[in-house]
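Work through the exercises below with the sequence and the structure side by side, trying each task before reading its solution.

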Amino acid sequence: MISSNDPYKPLITNVLFILADDMGAWALGCAGNSEVRTPNLDQLSARGIMLCNAFCTSPVCSPARASILTGRIPSQHGIHDWIRQGNSPRESPNGTVTDYLSDVPAYTEILAEQGYTCGLSGKWHLGNATSSQKGHTFWKTYTSGGSNYYGAPMLGEDGEEYDDPRYVTHVITENALEFLNQQERGAQPFYLGVHYTAPHSPWDRGQHPPEYFDAYVQNCAFQSTPERPPHICQIKTAPCPDSPERRRELLSGYYAAITAMDADIGRLLQTLDDRDLTDTTLIIFTGDNGMNMGHHGLYGKGNATYPLNMYDTSVRVPFIASCPGKIPEGAVAHSLFSHYDFMPSLLDFLGLRQHIPRGLPGKSCADLWQEGDTSAAGGDNIVVYDEYGPVRMIRTLARKYVHHFTSASHEFYDLLNDPDEEHNLINSAEYANEILELRSRLQSWFAQHVDPLQDGSILPVTGMGQLSKATRERVSQFQQGYKYSNPV
């Protein structure tokens, strides 16, 4: 518990953590998109810092969310794909639920142990959404991985699932407001996770309120998203347009979902102001993974293609942090930051660095949040890593190497001259030494951090969903009978 004689006594800082679903880093006004309307997030950015080079750990929902919560990469926590079964009794054939992270500690558990009241409103998608866990005492969850925006599956007061007829973004916000209205300035510190399903598909007309949808479909030119021929490897994990009219409808729905979410975030921020909590609250907005909406000819994220992809539009995420007096206003940082750095950064920022678990792959970047790029040392030596089953990535500010453990060709991009990753230079003699160096660094880093019995590179991860825990016995069976076709 918080103690006055603790030399590492936390700043009494509350936390409001807002997580969007399939939110492209490019889809914010403050990120330079002149078409999408995000006035509240733009204002939040003006009150804090925006990290322009923030990355998820895996470009799909569940493993990315698990890594945020635990500070571990998928090949440590064992969630390698979006969880398709075990979130709730209704979606599982035998009516059972699965605690995918039962043996992996989360930062919310640490916060609860240190005196924080922890609440969750919205999407969990890490198995068993019907029982509060990981230190949360307030638990108002969306119980699936995806659904329509109206009639979404929610957890009722009696612990039973029900379909809420209201727009799900509003439902998640109302539940979050219930929690915030219970908090008092100077009382026990709180952590509230608000996990929206927006702007995940569906994006059809009728899925979103007309006051948000109609303005886009009638007036937006959608020049902020590319119109390109379909990618040769596109698979249908997200709706894809087959006509200009369908493209306009899908993009209108995507932008409408963002604008509706932004409006409700404004309600959360206003409630903090009304309850005199703004100056004692760290507010963070980010997304679980990136999103392509025509980028590279794709609609979707890492599993928009097979082989799975690691395009920046799939792995780069928005990240805004604000806390009056502790984070500079209107700052923009370009240093690399990964979601596996989030857990140590958060605990350090809150004065709980002695509680950061040992052996995490990430490091605290609290100084980056508080000082911007002036505190970031290492320049191009700073790298981020990603994995999605048989695909792994290493990225510096200037270069990216993607390794495929299947028969797919490896990839190398010169990001300084080719920021849109249109030219794979893997066979270029000019870059041969750099490719070898990045491959070696990739191999060493994953060798250091992967749990051999949670190793996603040897599992049949295809982007079509995970049905059960990647148990040690199951991974061991694959190890005995599987050979890499492209060993690092």
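The exercises that follow concern a predicted model, and each task is followed by a solution in steps.

**Exercise 1. Helix 2 and its surroundings**

Task: Find how many residues of helix 2 are buried, and which elements the buried residues of helix 2 pack against.

Solution: Begin with the extent of helix 2, which covers residues 61-70, and go through its residues one by one; 10 of its 10 residues are buried, and the helix is mostly covered. The buried residues include Cys61 and Ser62 at the start of the list, as well as Arg65, Leu69 and Thr70. Next, look outward from these residues, where the packing partners are strand 1 (14-20), helix 3 (74-77), helix 4 (107-113), strand 3 (117-123), strand 7 (190-195) and helix 9 (342-349). Finally, step just past the end of helix 2, where glycine 71 takes a positive phi of about 75 degrees.

**Exercise 2. The cavities**

Task: State how many cavities of 30 Å³ or more the model has, and describe the lining of the largest cavity and of the second largest cavity.

Solution: The count comes to two cavities of 30 Å³ or more. The largest cavity has a volume of about 120 Å³, and 14 residues line it, with Phe17, Arg65, Leu69, Tyr107 and His195 lying nearest its centre. To place this lining among the elements, note that strand 1, helix 2, helix 4 and strand 7 each supply at least two of its residues. Sorting the lining of the largest cavity by class then gives nine nonpolar residues, four polar and one charged.

The second largest cavity holds about 40 Å³ of space, and among the residues that line it are Tyr142, Gly146, Tyr149, Thr197 and His200. Sorted by class, the lining of the second largest cavity has three nonpolar and six polar residues, and no charged ones.

**Exercise 3. The pockets**

Task: Find the residues closest to the centre of the largest pocket and those nearest the centre of the second largest pocket, and give the classes of both linings.

Solution: Take first the largest pocket, whose volume is about 450 Å³. Its lining is made of 21 residues, and the closest to its centre are Trp26, Asp312, Thr313, Arg316 and Asp420. Strand 2 (49-55), helix 8 (312-315) and strand 11 (316-317) each supply at least two residues of this lining, and strand 2 gives the most, with three residues. By class, the lining of the largest pocket divides into 12 nonpolar, three polar and six charged residues.

Turn then to the second largest pocket, in which about 390 Å³ of space lies. It is lined by 25 residues, and those nearest its centre are Trp82, Gly145, Gly146, His200 and Thr237. The lining of the second largest pocket has seven nonpolar, 12 polar and six charged residues.

**Exercise 4. Two residues with positive phi**

Task: Explain why histidine 125 counts as buried and why phenylalanine 222 counts as buried, and say where each residue is found.

Solution: Histidine 125 is found in the loop between strand 3 and strand 4 (136-142). Its relative accessibility is 3%, and the cut-off for buried is under 20%, so histidine 125 counts as buried. Among the residues that histidine 125 touches are Cys61, Trp82, Asn87 and Gly145, and its side chain reaches the backbone oxygen of isoleucine 83 at 2.8 Å. The phi of histidine 125 is near 55 degrees, a positive value in a residue other than glycine.

Phenylalanine 222 is found in the loop between helix 6 and helix 7 (244-274). With a relative accessibility of 2%, set against the cut-off of under 20%, phenylalanine 222 therefore counts as buried. Its phi is positive, near 55 degrees, in a residue other than glycine.

**Exercise 5. Strand 14 and its hairpin**

Task: Determine in which sense strand 14 and strand 15 pair, and which way the residues of strand 14 point.

Solution: Strand 14 (residues 384-388) pairs with strand 15 (residues 391-395) in the antiparallel sense, over five bridges. Along strand 14, Val384, Asp386 and Tyr388 point one way while Tyr385 and Glu387 point the other way, and all are buried. Glutamate 387 stands opposite arginine 392 in strand 15. The hairpin has two residues between the strands, and in it glycine 389 takes a positive phi near 60 degrees.

Conventions:
Residues numbered from 1 in each chain as written. Predicted model: local features only at pLDDT ≥ 70, side-chain atom pairs only at ≥ 80, totals over all residues. Heavy atoms only, no water. Buried < 20%, exposed > 50% of the residue type's maximum accessible area, 1.4 Å probe, protein only. Helix = DSSP H or I, 4+ residues; strand = E, 2+ residues; numbered from the N terminus. Contact = heavy atoms within 4.5 Å. 1 Å grid on protein atoms, 1.4 Å probe; cavity = no way out; pocket = protein on both sides within 12 Å on 5 of 7 lines; lining within 4 Å. Points joined across faces, edges and corners; volume = space filled by probe spheres on them. Nonpolar A, V, L, I, M, F, W, Y, C, P; charged D, E, K, R; others polar. Polar contact = N/O pair within 3.5 Å; in protein donor to acceptor, adjacent residues only side chain to side chain. Pairing = 2+ DSSP bridges. Lists of a residue's contacts leave out its neighbours within four places in sequence.
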